[in-house]
Structures are given as structure tokens and as C-alpha cells.
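Reader: I've got a fold open on my screen and I'd like to learn how to read it piece by piece. Can you walk me through it?

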Amino acid sequence: MAAEHTPETLTVDLGTDTGPFHGGASGTLYGLYGAGVPSRTLIEGMAVRTVATKAQDGVQHPGADALEILPSFAEAGGKDVYVYVPDIYRGFPYEWPGATGEERLADLKERVRRQVAYVRTLGAHRSHVVYVPFNEPEGNMFGTGEWSYDGVSWRTEPGPYFTAWRQVYRLIKDLDPEARVAGPNTSLLYPEVRGFLEYAKAHDVLPDVVTWHELSSPDEIRTNVARYRAMERELGIGPLPVNINEYAHNYHLSVPGQMIQWISAIEEGKVDADMAYWNIAGNLNDSAVGANRGNGQWWLFNAYGRLTGNTVRVTAPHPNAQYTLQGVAALDRAKRQARVLFGGAGGAAQLVVEHIDPELFGTTVHVRLEEIPWTGQVGESDRPLLLRDTELPVTDGTVTVPLTGLEEMSAHQLTLSPGGNGATPAQPSVRWRRTYEAEDATYTGTGYVKHGPEGSPSDVGKFATSGGYHVGGLRTGSDGVLAFEVEVPRDGTYDVAVYANSHNRADLVREFGPTNVFLRVDGEQPRELRLPLGYQWAVWGHTDTRVELTAGRHTLTLAARDPDLGVTRGDAVIDRLDLTLHADRADAVYDAEYASLGGGAQVAYTRPGASGPGAVVLPEGGTVTFWVYAPGDGEASVTVDRLGLGDGLLTINGEDVGAVREGAVPLFLAGGINKVTVTGTSERLVVDRLRVGPSRGLLPTTTHQAEDGSLTGTARVTGAFPYATGGKAVDGVGAGPANALTLTVTAERDGRHALTIRYSNGEQAAATHYNPDPVCRHADLHVNGAAPQRLLFPTTFHFNNFADLSVPVTLRRGTNTLTFTADEPLDFDGVTRNPLGQRSPYAPVLDRVTVTPLA
């Protein structure tokens, strides 16, 4: 019996190098909609390496046009944009026109010519383009269906496909000899791919990048990458770069504990890979919430992208088996740090790190353990939770870290640094937390429905759901009450997160938008909560509030009616309720030794006075970059703690906000993720940490209601959206510059300011298959009559659901004018327009604009 309770062991061998860290798993299919959606900060912080997306001006889906996303993606550090040429067409299978296969192929070639001509206008950016002439040809253009070339699968009769590949490949290379072409882009690594490679080698048309999809499992990635490499060796080709340009299922996406299993397999293969596009464009495959907020999956890829050095061997308790504990690890000898990302199993385990080099780490290591929790597909996340910060002795080159209470849906990060230098251990992020499943709560009243099971290893097409089930019944006309019985250990202020969802296209939701419900504690402390909207049922976000609780038992209720506050409008499902007692709410601390370094910056582990195990020494031009979370758009108190003298420059999201100074400085942070960089401007600057605290009200901020502005043409004040500030907003901006909103704002001084625009956007295009197709509206912002700045606004899933978007602008001291216009964007040629109306001519509904100096 004792053996049954032995914790599973994940072993990290720092002595076995498996090659330079590659970072290839952070790719995305349709994850970028356009410049600004998602924000450059989200793209950089997630270290997105490759993007697969539709051909420019394609009609497969709204947005995500290859050459529109390319410049901003490249500037954010991205490597390659894979242009799915067939996504120029509608439908899946692709509805390519023509009565015969020859006519259809001729049309595709004409589209290829146009794409290459467009790409050749891009200058240096063209080097990032990779053409994908065919996508899943076995079930599409060269399959057996209605839209096939000849109704015969290429796996049965490969001749027509091979000929088409040769012709299109040579067409691209003739038009641009430096172009890269990828294929065969099959839905699996079929045995017939060998024949494709033999033909391509014989006819000198080998792809520059070999691509296929793994909508299977992480173990298939390991197996098939090895099988492909063996195929190359046998055929005497390559090794060629590989991009597995669609991977993972709905059930896995957004869930850190699932995605780390895919990441570990992809990193082992040292290949690139792009997450599959099951849902909406522009949200980094369920990593981004709105334009600039990340969920748990975003923070996992942020941790993955910050691995440096070389990867090392990781031995899992169940090697190459999905839904078990798996991990990836890297050792950076220059930084004297080892990092391990792991997850996939709940309960207890132990992590054993072997062959710890005493010349790098000494005889004591500093151990930091963090958790990256699941926060839902559309639920934003604060930075990872600190679980443990301690020092452990190294025995025979080994450290064993016991792990208890692991959450199966979470990923975890363990960081080892040299210890024994007097570091003060940091306190855990939370004192206590519990999850209460909705299906275990007590429901009274009418309308109760228990939904599920949702996603599972045997049903990967459905969405991940805590506990597998969720509860419906809180809707228009209901008298339902969902009661959670809780018990807390001490008096205090507890955070409450209600994980919930309303499908934005459902009948009762389409009318009004976010569903409202009413929370009470033991029948008291009433408040109204607006629950998250999503693009389908069982797409989870969370609504947060705080309650005062005394030690002991309590009943928290969610109700469709409240005697003091009103009744529910809409229709919601509830997944779970989380209660958390945080540690003392002090400044958020970001230690420099765990940050991203550049320009010759180095970690020093013996600096007197350092708060953690080390500090960062910056030469002139050296950088240390922190990824900082802010709950809302506005002022924060930011402190750069230095050791000794030294000068530096502080930038936030690429904006210069001044020199590093003593004490807290009031600075503007965007809601969600911020890139904060300190650059050394003296011979030597030692940075200990960054601290971020709440606003002290020092930045002069003004708010301007859209309805108070000057309106022209069809722009009008509307009261149709009750959740707008004061119940009023401005609609009808767009369809030409004559229909505009102009606001007059004042600034106390010249310089850079943030405009925080509260808006709503519920526009959605008709879809041809499983992807919902929300449309990002845009606005052209003219500041003081200057040339416009185009702003892209992601969906809010309903016009009565408002969000904030912050953009930097230059204002002059005194009076300034802000004019919002919009018109239907033209195609890349500057003449034609989207034939299906997938590019909206309208700006979003505009509620208000808040003006804040950046510093």
C-alpha cells in the first residue's frame, strides 16, 4: 500500500544538454487580427515566433490579413508569417472557382501572382513571408469532395497534386527567387508524405519549410518529428526547418496544465508550431483578453519565452504520455539560473534536480516556485502566484523539492539560483484559497440545468471546464438562487471570483448584453455582478469582487432576483466560485534577477542589500525588462530600487517616461500587461527590483463624455446602451469622414499622454463553419487636425458591453481637439473593397475618453 502513495517524480538533469533553447511552441494561427489587436506588448511578452494566417484580402474570415499584420509583428520581434494562400477563398473546403480542375488551379495561380506582387512592395519585411500554397490538400483541393480538383484523393493518386505543387512552387520562385515556400501542410504526417518528398527532391521543388498539422497529442508530436527526421536522413535531404502549423484542441487551449504538455514536446523537437484556430481571430488562440490583457495561458507562454540558455533533459514519471506530469527545463550558465516549467497532474509530486554544478550554484540554491493558474478562455490573469521562496542545501549535486496541492489545470515554474548570500525569502502571494464547484452548490427556484460533461480527454472538441460541469438557471424571469456553503480560516477581506459565461448570440443575451446576477453573503452585503460574455457557451471568464468575512461558515448566494437591487436580464451559466485571502496588500514586487536581460546586463548574487538572491548590473546600454500587470488603465506608483549610485532611463510599452529616480514615481500603466524596461545610461547601474503600487492621484486626469462632443453627419447620441456611462454614448461615427465626433480636451503641459477610450463593439460577420467571426472596428483619430492614427478595437461581444483601450498621443499645453472618423478600409491595392463587407466602415460605439499624462 505504501507504494501507492509515493509521489510521482519529475527529474531534471542539469548535466545533460539537449541544445539551445528554441522557443518554437509560441506560434499562432489567426492569432493576430491587425496592428494593435492584440497589442504589441502582448505579442512581445508572449514571444510569438511564427504566425500562420490568411492571404492578404482573403474572405475566409474577417481580419488577420497577412500583409497587414506583418509589419507590426516583425517590429515586435516576430520571425515568420506563413501565408495560407487558399484562405483567399470562402468556405472550408475551399470554394475555388472553376468548372474543371485546370480552371480552378489557374485561378489559384492568379491569386498567387497577386500575393507575390504585394509582398515585393514590403521592402525588408518581405523576408518574413513564407507561402503556404495548399492547406490540408487531402481533404480539400486534392481530396474527394465537391470542391476537389478531380474528386480523387492525392493519397490515392498523387499525380495531380504533385504537378500542382511543382507548378505553383516554381511560379512563386520565378516571381521572387528569394521567396520561401512551405508544405505539404497535411492534417497529419501521412506515410504518403514520403512520396511527396521524393517527388519534390527529384524535381528540385523541395519546400523551404516542411509543414503538417498535429491535431492529435503531444506524444504524436514527439513520435512524428522523430519519424520525419528519419525520413529526411533516408532520402538524403535536409535537415529542413519544420513548422507544425496547427496544434492542440479546444479542450487544451487556455489551460496552462494542458498546454505545458504540448510545449514540452515541441521544444524537445526544436521545431516551430502554431496553436490551432478553433475560435476567434486576434486573441492569440485564447491567450489574450481584449487588446492588452492576458489570461493564464498568456503567462505560461511569457514564462516559456523567457527561458534562456540551453534546454536540459527532463524525465517525466510517464514519459511521452498525455494528461500526466510533463515539463521542460533550461540552464543559463551566464545567468547562473535554471528554470523548469511543468504541469499536467494534480495532487502531490516531487521535482528532483540533478547534477547541479557547484561552480555555478554553490552548495545552497535559492528556490522560487510559482503557479500559473487557469483563468478561463476570456478571463484575464494577474501575474503568476508565488507559492514558495526558500533556500535548500545541495546534496551530492541534487535538490529535491516536494510539491503538494498541485492543480491539474495549472502550470508551475521552478527557478533555481545561487543561494547562501543572505536573501530574505519573499512571502507567498496568498494565505488561503478554495474553489467551490457550481454543480456542488445548492440551487433553489425554477430553471435549474446541470450542463456537461464538457471538454475531457475523450471529448477534446469541447471547452475546458472546472470539474467538467456547470449550472444554468439564472436568467430572465427566473427566481433561481445558487448557494455556496464556504468556511474560511480567519477574519478578513476575501477576493471572490465568479467563473461564468453568457453566449453573446443566445436569444436572451442578444437583446441586452451582459447578464446581471446578485451576490449576497449570509443574506447581507448585496451587490450586482455583470457576468462575462463569450463567443460560445462554456467559454469561461470571471467577474471579481471583495467581501468581508469572519472566521467560520458562510453562505454566498448568486440570485436572479434581489429585493433591493432588481432582477436578472439575460442568461448565464456558472462554473465555479473562488475565494482567496491574499497576503498583505503591499506593492507588487518584480525582482530584477528573474527579469529579461539585454545589452550586456548580468546578474550578481553577492550584492549587499539585495532583496532577493541577486541583483542586475547594467552597463551603459544594458537593459532589464519586467512584464508588469495592472488591473486597470491609469496611474500607478512605480519604484526602481537601486543599489548604490547609477543612472538609467525608464520606458513603458516603448514610451520614454524619464530618468530613473529615487522613490515612487507616478506613471501611466495600461490595463493588463505592460513592458517596463530600465536602460543603463551610466557606466554602472545596479537594479535590485521594480515595485508597483496603487495610484496616489498625482497625474492630472480629465474625463470627457462622448455625448458632450461636437457631432457631424450621422454621428448621434444614443441611449440604447444602458451600460454606457450615464446611459449615453455616441453611435454612427463612420461610413465616411463627414460622420465624426470631435472632443475638445485640455492638457496641463506639452508631451505624451494616454487616451483611454471606453467603447463597445458587437459587430459579427456571418461565418461559414465553426469559427465565430467577430469584427474589429476601427477609428481614425485626428489630434489637432494632424494626419490620422488608425486605432483597432477588438470585439466586446455586444454593443452594450464596454471596454477600455488606451493609446499614446502627443498633446500640447492647453486646448486640443480629438476627432474620430472611420470609413471602410480598402484592400491592399488601394482600390477594391472586401466583397462580403468584412471590413466595417464604422467606428465602435464611443462612450468617453480619459486623458492622462504618461509621466
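Author: Sure, and keep in mind that this is a predicted model. Let's begin with a sheet: five strands form an open one, in the order E21-E24-E30-E26-E27, with antiparallel pairing.

Reader: Which strands stand at the edges of that sheet?

Author: The edges are strand E21 (442-444) and strand E27 (524-530). Each has a single partner strand, so one side of each is left without a neighbour in the sheet.

Reader: And by how much are neighbouring strands turned against each other?

Author: On average by 25°, direction ignored.

Reader: Let's zoom in on one pair. How many bridges link strand E26 and E30?

Author: Four, with E26 (residues 516-521) and E30 pairing in the antiparallel sense. You can find the register from arginine 520, which stands opposite threonine 557 in E30.

Reader: Is threonine 557 buried or exposed?

Author: The cut-off to use is under 20% relative accessible area for buried. Threonine 557 has 17%, so it counts as buried. The strand it sits in, E30, covers residues 552-559.

Reader: Leaving aside its neighbours within four places in sequence, what is threonine 557 in contact with?

Author: Val481, Leu482, Ala483, Phe518, Leu519 and Arg520. Notice Arg520 in that list: it's the residue that stands opposite threonine 557.

Reader: How do side chains sit along a strand in general?

Author: In a regular strand they alternate between the two faces of the sheet. Now try burial over a whole strand. In E38 (residues 623-630), seven of the eight residues are buried, so the strand is largely enclosed by the rest of the structure.

Reader: Which strands pair with E38?

Author: Among them is strand E35 (residues 596-598), joined to E38 by three bridges and running antiparallel. Serine 596 is the residue opposite threonine 625 there. Strand E43 (residues 672-680) is also antiparallel to E38, with eight bridges, and threonine 623 has threonine 679 of E43 as its bridge partner.

Reader: Where else could I practise that?

Author: Try strand E50 (residues 751-760). Eight of its ten residues are buried, so E50 is largely enclosed by the rest of the structure too. E50 pairs with strand E55 (residues 803-811) over nine bridges, in the antiparallel sense, and histidine 753 faces valine 809 in E55. With strand E57 (residues 845-853), E50 makes eight bridges, again antiparallel; here isoleucine 757 is opposite valine 849.

Reader: On to helices. Which residues of helix H2 are buried?

Author: In H2 (residues 66-75) they are Ala66, Leu67, Ile69, Leu70, Phe73 and Ala74. They cover an arc of only 150° around the axis, which puts them on the same side of H2.

Reader: What covers the buried residues of H2?

Author: The cover includes helix H1 (40-46), strand E3 (50-54), strand E4 (80-84), helix H3 (101-119) and strand E5 (129-132). Just after H2, check the backbone at glycine 77: its phi is positive, about 100°.

Reader: Last one: how do I describe two helices that meet?

Author: Give the distance, the angle and the hand. The axes of H5 (residues 193-202) and H6 (residues 218-235) come within 11 Å and cross at roughly 35°, and the crossing is right-handed. Then look at the residues: Val193, Arg194, Leu197, Glu198 and Lys201 in H5 meet Tyr228, Met231, Glu234 and Leu235 in H6. By class, that contact has five nonpolar, no polar and four charged residues.

Definitions and conventions:
Residues are numbered from 1 along each chain as its sequence is written. This is a predicted model: local features need pLDDT of at least 70, side-chain atom pairs count only at pLDDT 80 or more; totals for chains, interfaces and linings use all residues. Side-chain values use heavy atoms; hydrogens and water are left out. Axes are lines fitted to C-alpha atoms, for helices over the stretch in contact, and angles run from 0 to 180 degrees between N-to-C directions. A crossing is left-handed if the near helix is turned anticlockwise from the far one by less than a right angle, and right-handed if clockwise. Contact means heavy atoms within 4.5 Å. Ala, Val, Leu, Ile, Met, Phe, Trp, Tyr, Cys and Pro count as nonpolar, Asp, Glu, Lys and Arg as charged, and the others, Gly among them, as polar. Buried means under 20% relative accessible area, exposed over 50%, partly exposed in between (1.4 Å probe, protein chains only). Two strands pair if DSSP finds at least two bridges between them. The arc is that of the directions from the helix axis to the C-beta atoms.
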